[in-house]
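Trainee: I should like to study a protein model with you, one question at a time. May we look at the sequence and the structure together?

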Amino acid sequence: MKVLMFGWEFPPHISGGLGTACHGLTLALQKSHVQVLFVVPKLYGDEADGRLKLIDASSVPLSKKKSLATTKTLRSGNYTNNSRRDEPELQQSFGTYLKHINIPTALAPYHGPDQSWPHVKDLRSWNYRFYPPANESRVFVEQDTSAGKTGRETEEKNPFYPFSGNYGPNLMDEIHEYSDVAARISEKYSFDVIHAHDWMTFLAGIAAKKKTGKPLVVHVHSTEFDRSGEDINDLVYGIEKMGFTEADRIITVSNWTKNIVNSRYKIPEDKISVIHNGIIPKERPQEFAFPEIGSHFVTFLGRVTHQKGPAFFVEAAELVLREFPEAHFIVAGAGDLLPHIIEKVAQLNMSASFHFTGFLSGDQVDRLWALTDVYVMPSVSEPFGIAPLEAIQGGVPVILSRQSGVVEVMPHAIKVDFWDTRAVAAAICSVLRYESLSHELRQNSQRHLQKLTWEKAAGGVKAIYHELTGKR
């Protein structure tokens, strides 16, 4: 069995759980004798695992030069969110065709557009990745190393798309370019099934399907309703709806997400399969030495966006400090709300009790778990949530939002409604006050964590491949 898989990021170059999930799943599929051809927009040369066949879309020559000025279309059905609004311009864009409209805005994979983002120079400290301004011209380059002609602009045949491999103002351009390259790749390699992860790759998956006739699986790690609530981006919604409609099977990471795909996108339940994420086992947590800076460390780890509920974490912290004035609160991550959250903490006179680390990865996260007494995930809408599994693996008790998918597989975690900050604060105080409760949460959760493997997830995915292809 061979699968052509489209992703948008791969360790160590990740911005959230998507890249981590793709890595874990692909390694497990390889172990179960499924050959994975994993395509990403851009490879950096230091990707995590040499056992995988990684394909760099930036190095795939096109059959002829194409113009970015040309409106890109993909024949489809009606993929508008007509239940929300009726706008003639959007009707025209998403009616008979899905058309690409150039919008000078920052679109990210996990949260919606934010027209108010400051200039790049003001955000560097928040660990964003940066891109050329949306109105900056983009050129095709031909990879020709002869006579010192590396990276030159070309009008010759076989140009290459200059993917950034990130997210930003040119994301919509790159998504459509990625679909062009996907069609080219699908002609070059032999495979049995196509697998596309999240909306950024759905057009690529559809293009490969239309070119080859192979069955398409789309994997939903997050929806536009998770990222943006009710104020969704219709372009993103349209791509998601088209991917769900054109797919032969949809995989969601939880029943929470399955219900959203069914109710919000009107996709039949029997087309959707739930396969929960897993976690790659680690050795026993390392021992770290820390300076004496206080006690009772409570951690928020994730993107600092509305979806993740950082404001509710801050509100709960204010209540906790009334009972545990020596407590410290760590906000580990970056996102569009980070300046606002820092300002909110200052307004509440809690700056001395808060620590903002920015984006962490690798050993930095391990050190964080070694310091943490309790991890809180107050997400407004969380399709799954890999960070709690990593916290449990690191020996940390967790408090989870009921509005998440991970609660479906973690019966021994404390569960609260994200908006009920009093309940969140009470749960934090209980864990800090009672060592017996903290110990029980850690032990029971770690025991249950052993059942959540990527091998189990890969088995479910492989069964779907077999069902669609008839191969064993």
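The questions and answers below concern helices and strands, burial, aromatic pairs and salt bridges.

Mentor: Before we begin, note that this is a predicted model, in which local features need pLDDT of at least 70, side-chain atom pairs count only at pLDDT 80 or more, and totals for chains, interfaces and linings use all residues. Residues are numbered from 1 along each chain as its sequence is written, and side-chain values use heavy atoms, with hydrogens and water left out.

Trainee: How many helices and strands are there in the protein?

Mentor: Helices (H or I, at least four residues) and strands (E, at least two) are DSSP runs, numbered from the N terminus. Counted in this way, the protein has 15 helices and 17 strands.

Trainee: What percentage of the residues count as buried?

Mentor: A residue is buried under 20% relative accessible area, exposed over 50%, and partly exposed in between (1.4 Å probe, protein chains only). The protein has 472 residues, and the share that count as buried is 56%.

Trainee: Which kind of aromatic pair do phenylalanine 202 and phenylalanine 244 form?

Mentor: Rings of Phe, Tyr and Trp (its six-membered ring) pair if their centres lie within 6.5 Å; planes under 30 degrees apart count as stacked, over 60 as edge-to-face and the rest as tilted. The structure holds 17 aromatic pairs. In the pair of phenylalanine 202 and phenylalanine 244, the centres are 5.8 Å apart and the planes are at 65 degrees, and the pair is edge-to-face.

Trainee: How many residues apart in sequence are the parts that this pair of phenylalanine 202 and phenylalanine 244 ties together?

Mentor: Phenylalanine 202 is buried at a relative accessible area of 1%, and phenylalanine 244 is buried at 0%. Phenylalanine 202 belongs to helix α5 (residues 202–212) and phenylalanine 244 to helix α7 (residues 234–246), so the pair ties together parts whose separation in sequence is 42 residues.

Trainee: Why is the pair of phenylalanine 225 and tyrosine 237 classed as it is?

Mentor: The ring centres of phenylalanine 225 and tyrosine 237 are 6.0 Å apart and the planes are at 90 degrees, so the pair is edge-to-face. Phenylalanine 225 is in helix α6 (residues 224–228) and tyrosine 237 is in helix α7, twelve residues apart. Both residues are buried. The class asked for is therefore edge-to-face.

Trainee: In which helix does the salt-bridge partner of lysine 31 lie?

Mentor: A salt bridge is a side-chain nitrogen of Lys or Arg within 4 Å of a carboxyl oxygen of Asp or Glu, and the structure holds twelve of them. Lysine 31 pairs with glutamate 455, the closest N and O atoms being 3.4 Å apart. Lysine 31 lies in helix α1 (residues 17–31), and glutamate 455, 424 residues apart from lysine 31, lies in helix α15 (residues 454–469).

Trainee: Is lysine 31 buried or exposed?

Mentor: Its partner, glutamate 455, has 39% relative accessibility and counts as partly exposed. Lysine 31, at 53% relative accessibility, counts as exposed.

Trainee: Which residue meets arginine 249 in a salt bridge?

Mentor: Arginine 249 is buried, with a relative accessible area of 11%, whereas the partner counts as exposed at 51% relative accessibility. The N to O distance in this salt bridge is 2.5 Å, and the partner is glutamate 467.
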